[in-house]
Amino acid sequence: METTTAALARHYWRFRVSDRVLLTGHSHQAWPDVAFEAQKQAWLDAAEHVDDKWGRAFEVADEVRAGFRRLLDDPDGHIALGQNTHELLIRFLSALPLRERPRLVTTDGEFHTIRRQLDRLEAEGIEVVRVATGTGDGTSGAGVVADEIVDAVDDRTAAVLVSSVLFRDARIVEGLDQVAAACARVGAELLVDAYHSLNAVPFSVVEMGLEGAFVVGGGYKYCQLGEGNCFLRFPRDCALRPVLTGWFAEFGTLAAGPGEGGHAADARVAYGEGHLRFGGSTYDPVSHYRAAAVFRFFREQELNVERLREIGLGQIRRLAAGVDALDADPAVLKRDRAVRLSRRGGFLTMETPRAGEICCKLRGLGVYADFRGRVLRLGPAPYVTGEQLDEAVAALDEVVKD
């Protein structure tokens, strides 16, 4: 086991994490070198087994499901896999009784996957209620979001869609158990976007009272799995019938005749057992090979989410202390102090009207960050050393003084 950041960095040689300061952890962490070997193995398995590769691919997919299940602390739910969260989101939306309950409740702080799709549904006549999340400046906060969602849920509501960590400023949304209880009272579904929690902030389906909820997320960010590794967790007793459904969803029913999943016009379309209910269609299994290898790597290094949270909070606090010491003109760069760092996710945010320009100049100095509108985001990762964090603050100081 190698738990120091300097020791871990050697496992990320291909991403050159020692040669540049990668603070894009909230968006895209580096992949450990084992992922490269896994991608090659996927090719070799395809070459050796040709169409029989799918038996092995499905075994790898099960390993990925187990990895996500551990991160969700979820002993009973089903895990459907997808290439991205959007394809899983639209399967979920297609299963809702929107004719009878044409109302969706969400927040104004959702990632574009949810935000854009709900905007489009609203244009088609679906009522979309957006609870304000505030700006993090003290006028509103993630702590009151749950209360406002609960107040907005009624018996016309088909579903609530809300993040566990807000993607713009990393605020943790408290009280999701209250939202789940409100949904249960009126028969609405709850979908939690846990992408910015996964492997950065402990997330427990059981402890958060989300056994009856849907949870969507993926491995592109803090899990280091790369693209093509997303999931939809849904309750074990789920009986929803997604309209947008792939042929994998009828595995186990393909031999059925008309009326049992066959082709008669009046046949009731059948769904497979377990995770197959929200299954898709033929996919590229390479991403799952990579994901399974990275999950194994994390376990070998004993990098569970509690340890990663400890590392991440320490890094964020070091960055915050460095930024505060700059004493920058708040009209140029201001760090939000309205919410404690311990109540935020895996990155540090600063407000600046020149976020894009600052981000670009930092890149020129070998510091990789990103921004959203007026928000500059610095996202550390377990392979980033303390010295690199200090380098990043020094580079920020140089850019801001310019």
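**Group meeting talk: sheets and cores**

Hi everyone, let me start with one residue, I149. Leaving aside residues up to four places away in sequence, I149 is in touch with V105, T107, V131, V160, V162 and V179. Before I go on, please keep in mind that this is a predicted model.

Where does I149 fit in? The largest nonpolar core has 88 residues, and those touching the most other members are L23, I149, V160, L190 and L210. There is also a second, separate core of 27 residues, with L93, I114, A158 and F234 among its members. As a general reminder, nonpolar side chains in soluble globular proteins tend to be buried together.

Now to the sheets. One open sheet has seven strands, ordered β2-β8-β7-β6-β5-β3-β4, and its pairing is mixed. Which strands stand at the edges? They are β2, residues 78–82, and β4, residues 127–131; each has a single partner strand, so one side of each is left without a neighbour in the sheet. On average, and ignoring direction, neighbouring strands here are turned by 20° against each other.

Let's zoom in on one pair. Strand β3, residues 103–107, runs parallel to β5, residues 157–163, and three bridges join them. If you want to find the spot on your screen, look for R103, which stands opposite T157 in β5.

Helices pack on this sheet too. Helix α3, residues 53–72, touches β2, β7 (214–218) and β8 (230–234), and its direction makes about 120° with that of β2. Helix α5, residues 112–123, touches β3, β4, β5 and β6 (189–193); its direction makes about 140° with that of β4.

On to another open sheet, this one of four strands in the order β9-β10-β13-β12, with antiparallel pairing. Its edge strands, β9 (334–335) and β12 (370–372), each pair on one side only. Strands β10, residues 348–351, and β13, residues 375–378, are antiparallel partners over four bridges. Within that pair, M350 has L376 of β13 as its bridge partner.

Last stop: V201, in the loop between β6 and β7. Is V201 buried or exposed? Its relative accessibility is 9%, and the cut-off for buried is under 20%, so V201 counts as buried. Apart from residues up to four places away in sequence, V201 touches I172, V305, R309, R344 and G345. And remember T157, the residue opposite R103? From V201 to T157 is 44 residues in sequence and 29 Å in space, C-alpha to C-alpha.

That's my tour, thanks for listening!

Terms used. Residues numbered from 1 in each chain as written. Predicted model: local features only at pLDDT ≥ 70, side-chain atom pairs only at ≥ 80, totals over all residues. Heavy atoms only, no water. Pairing = 2+ DSSP bridges. Helix = DSSP H or I, 4+ residues; strand = E, 2+ residues; numbered from the N terminus. Axes fitted to C-alpha atoms, helices over the stretch in contact; angles between N-to-C directions. Contact = heavy atoms within 4.5 Å. Buried < 20%, exposed > 50% of the residue type's maximum accessible area, 1.4 Å probe, protein only. Core = buried A, V, L, I, M, F, W, Y, C linked by side-chain atoms within 4.5 Å.
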